[in-house]
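Here's a quick walk through one model, from its overall layout down to its metal site. Have the viewer open as you read.

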Amino acid sequence: MAETGNVALKEDDIRFDESGERLLYKALERFWHPVLYARELVEDKPVPATLLGEPLVVARLGGEARAFRDLCPHRGTAISLGWVEDDALRCAYHGWKFGSDGMCTEIPARFGTKIPGRARLTAYPTTEQAGMIWVCLSDEPELPVPQFPQYTDPAFRIVTVDSYDWNCALPRRIENYVDFAHFAWVHDGVLGDRNQPEVPDHGIDRVAGELRFDHPGMAEPPSSGKNKALDSGEPVEVKIDYRLFMPNTVLLDQWMPSLEQRYLLFFAVCPTGPKTCRSFTLMGRDYSFDERTDQEMLDFNALVIGQDLPLVQSQRPEELPMDLSAEIQIRGADRVAVEYRRWLREIAYA
Ligand code: FES
Ligand SMILES: [Fe+2]
């Protein structure tokens, strides 16, 4: 056992390995990641995206979302500069056509020529879930695609936040999202109260591919944007259940007992590169189904992420250290981070 801060670390937590962060980055290839909102995918246009440094082209072919390496095997041109035609992709340079399995079906400069077997796009497993297009760079994803059960439930109104890019590694972004101790400081008067900075004891468990934990109770300011529609003059007591689908997605389920209302966040992060990420957010609620409240939610979210942004982008290193003794862990307060980091280490060193 070793001490860092006042969390007793296991031997496995501090095994020093210079390449731990690189191993994790490589291991992320085995997981599903969101690369686009489904609403960004219109019928006749391929859309570029980046996943783990890999340029992708995403298109809807025959009604199904498909993702390929964004590279034409003929001359290395970006396929995303082309277009969708008859449920196939047409390269803009010499017009080669590729079917939904990636195979070339037409070489217009020599119709009838034998099409070489190498004339195909590299295809990746692709699926649609909760209004997002998810891609895995490996043919054998380690865990299922994260679920947002309320996405199609008419009892909830869902608002989609435009995706945004931050200069930090995916795990830094996720850890910030589930960090209880920062609410009082970064979001004073919005999500927390600087006069009540203590993090309550909370449980945390592994359930299948998820970390499950809760925040047993806190009081949110009634004037905070997300609570405006509630018309409550009092601080709003909330209880929050979290599901962290390893390694990149959080479903936050907030219950307001005095109002008997629920507020949800489905937050998924794409590792675009080793030190960059793109965040996707769906905001759900079972009250005030009007457009004014939609806008209040979006404004509220913009305020909160604007407060987090400079702090998270200032973190060094930009990657989350895989050695748990590299930063200081405080018992109770940093419990979620410690468990998240432990699991990431298992993924990195698997
Ligand atoms: S580069 Fe794509 S068809 Fe020639
Ligand atoms: Fe925050």
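In this predicted model, the centres of domain 1 and domain 2 sit 34 Å apart, taken over C-alpha atoms. Domain 1 covers 33–135 and domain 2 covers 149–349.

So what goes on between the two domains? The size of an interface is often given as the accessible area lost when the parts come together. Here are the numbers for this one:

| Between domain 1 and domain 2 | Value |
|---|---|
| Residues in contact | 15 residues of domain 1, 17 residues of domain 2 |
| Buried area | about 1300 Å² |
| Share from carbon and sulfur atoms | 65% |
| Salt bridges | one salt bridge |
| Polar contacts | seven residue pairs |

As for salt bridges, the count between the domains is one. Asp-162 and Arg-39 pair up through their side chains in a salt bridge, at 2.7 Å from N to O.

Now for the metal. Which residues are the protein donors of the iron ion (ligand 2)? His-182 and His-187 each give their NE2 atom, and Asp-308 is listed with two OD donors. These donors lie 2.1 to 2.3 Å from the iron ion. Along the chain, their spacing reads H-x4-H-x120-D.

Why is the arrangement around the iron ion (ligand 2) irregular? The four donor atoms subtend angles of 58 to 149°, and a tetrahedral label would need all angles between 85 and 135 degrees, so the site counts as irregular.

Are the two histidines buried or exposed? His-182 has 11% relative accessibility, so His-182 counts as buried. His-187 is buried too, with a relative accessible area of 1%.

Technical notes:
Residues are numbered from 1 along each chain as its sequence is written. Chains are lettered from A and ligands numbered from 1 in the order in which they are written. This is a predicted model: local features need pLDDT of at least 70, side-chain atom pairs count only at pLDDT 80 or more; totals for chains, interfaces and linings use all residues. Side-chain values use heavy atoms; hydrogens and water are left out. Donors are N, O and S atoms within 2.8 Å of the metal (3.2 Å for Na, K and Ca); water is not among the atoms, so sites may look incomplete. Four donors count as tetrahedral if all angles lie between 85 and 135 degrees; four count as square planar and six as octahedral if opposite donors are over 155 degrees apart and all others between 65 and 115; anything else is irregular. Buried means under 20% relative accessible area, exposed over 50%, partly exposed in between (1.4 Å probe, protein chains only). Domain bounds come from an automatic or database domain assignment. Contact means heavy atoms within 4.5 Å. Buried area is the accessible area (1.4 Å probe) that two parts lose on being put together, summed over both. A salt bridge is a side-chain nitrogen of Lys or Arg within 4 Å of a carboxyl oxygen of Asp or Glu. A polar contact is a pair of N or O atoms within 3.5 Å; within protein, one must be able to donate a hydrogen and the other to accept it, and residues adjacent in sequence count only if both atoms are side-chain atoms.
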